[in-house]
Amino acid sequence: MLFLQFHTIVLKEMDFAHLLTDYYALAVLIVATLAFLYLMLSYGLTFMKMGVMRTGKKSKKGEDNAAAPYADNPNLPVTVVIVAHNGAEKLRQHLACIMSQNYPNYEIVVVDYKSQDDTGFVLQLCEPAFPGLRRVPIKNDVNFFQGKKFPLAIGIQSAKNDVLVLTDVDCEPLGFQWLNAIVSAYKNDSTKMVIAPTVLDTKPGLLGALQQYENLVRNAQMLAVAASGKAYTGMGSNLSYRRSFFFENDGFSRHYTEPEGSDDIFVNRNSHKGNTAVVLNDDALVKKEAATTFGSWHYHRRQRISTRCYYSFFQRLRIAMRPLMLVLFYAACIYMFFLPSVPWLIPSLLLLVKLVWQIVCVMLAQKRFSLRNYHWFSPLLELYFLVADTILAIITLHPKRCNP
């Protein structure tokens, strides 16, 4: 009896006769449906794609043979480049893993940029354990612009090998096959750049959850676009390209006055279809120390957003489409609840399907990196970044014109 009553109420609520005659309500429904379809496609092509995409086999735990999981690895000579400014403590924590890579031919170039701590002393202690470690000291401040582009360019210039692997002083590979995984993407001479993901070492709590979700979204968008052929951004904590390719494209000279963008702008301007590869297996992962305060985290976010003015119009449009569609979707759904001609089950069903699909896609993506179960809160986190990114984008507006 109760089922029959419920069935009768549902059929009554699903009466579309009034909707078909109310063109205003029909227009709102069309907007909500189009935004809904775009969001479904966007979640699937970013989060779900990264969750199911595979680019190689993970080596077995405790694997000592470097060639075993990467039999087709070309074993190209590699130079790992790191810029360190007062990074003695971070070098003590993370450099040992980089020096212990199961790779036959590589060197490590650490640019000691105006350090006033024990950075030089730590590197001197490490040199006997790894003869391929070289320190490039920069004592005088001849860098007329902010950022790490100048010391990074000096490190690249000092490299002996053509294949460069860039990382930061606060980063550490998750295994000893990191270089094998990165170099395995250089299938032929046409590959000039390799992009790999970075995970964050965060602590439980609100700040950690926000950083993990933001980093997951950043990785998903970066890798999904790069896998299609042309990357629009990269992470300097886990990025590789050829030294000759760097100088052929004038390095950072075209955007030297911009403090940020040694990774972001360089990849954006020089990645073309066919010259960029993606590595996503677990061996290629690098873990980076997360920000410990909201202030430092928002500062780095603001710096990253400031480089988007160097993107093309279509790239900026693609970044803005999901927030725009998110606003249209929620606004249209909420507004439909107040329209008497629209059955309440329509916006309810749209909201339910959207939330379930989003949670499933984010769950697959975070499992890819063995992250904490933040997928249940992904709709709320998405709304937070919708507001926060809008505010940061407004704050970072400035009269400076970026060169195209």
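Colleague: How far apart are the end C-alpha atoms of helix α8 (residues 206–227)?
Modeller: Helices here are DSSP runs of H or I with at least four residues, strands are runs of E with at least two, and both are numbered from the N terminus. The expected span is 1.5 Å times one less than the number of residues, so the 22 residues of α8 should cover 32 Å. The model agrees with that, with the end C-alpha atoms separated by 31 Å.

Colleague: Before we go on, what sort of model is this, and what pLDDT do side-chain atom pairs need?
Modeller: Residues are numbered from 1 along each chain as its sequence is written, and side-chain values use heavy atoms, with hydrogens and water left out. It's a predicted model, where totals for chains, interfaces and linings use all residues, local features need pLDDT of at least 70, and side-chain atom pairs count only at pLDDT 80 or more.

Colleague: Back to α8: how many of its residues are buried?
Modeller: Buried means under 20% relative accessible area, exposed means over 50%, and partly exposed is in between, using a 1.4 Å probe and protein chains only. By that yardstick α8 is mostly covered. Just after the helix, Gly229 has a positive phi of about 135 degrees. Out of 22 residues in α8, the buried count is 18.

Colleague: And what share of the protein chain's residues count as buried?
Modeller: The chain has 14 helices and ten strands. Among its 404 residues, the buried share is 50%.

Colleague: How much of the contacts with a separation of 6 or more comes from residues 24 or more positions apart?
Modeller: Contact means heavy atoms within 4.5 Å. Counting the chain's contacts at a separation of 6 or more, the part from residues 24 or more positions apart is 83%.

Colleague: At what angle do the axes of α12 and α13 cross?
Modeller: Two packed helices are described by the angle between their axes and the distance between the axes. Axes are lines fitted to C-alpha atoms, for helices over the stretch in contact, with angles from 0 to 180 degrees between N-to-C directions. Helix α12 (residues 313–336) and helix α13 (residues 345–368) have axes that come within 9 Å and cross at roughly 145 degrees.

Colleague: Which residues in α13 does α12 meet?
Modeller: From α12, the partners are Leu326, Phe329, Tyr330, Cys333 and Met336. On the α13 side they are Pro347, Leu350, Leu351, Lys354 and Leu355.

Colleague: Is Gln315 buried or exposed?
Modeller: Gln315 sits in helix α12. Leaving aside neighbours within four places in sequence, Gln315 contacts Lys230, Tyr232 and Asn268. Its relative accessible area is 8%, so Gln315 counts as buried.

Colleague: How far is Asn86 from Asp117 in space, C-alpha to C-alpha?
Modeller: Asn86 is in the loop between β1 (78–84) and α4, and has a positive phi of about 50 degrees although it is not a glycine. Beyond its neighbours within four places in sequence, Asn86 contacts Lys114, Ser115, Gln116, Asp117 and Thr119. Asn86 and Asp117 are 31 residues apart in sequence, yet their C-alpha distance is 5.4 Å.

Colleague: What relative accessibility does Asp250 have?
Modeller: Asp250 lies in the loop between α9 (243–248) and α10 (264–270). Phi of Asp250 is positive, near 65 degrees, in a residue other than glycine. Asp250 counts as partly exposed because its relative accessibility is 41%.
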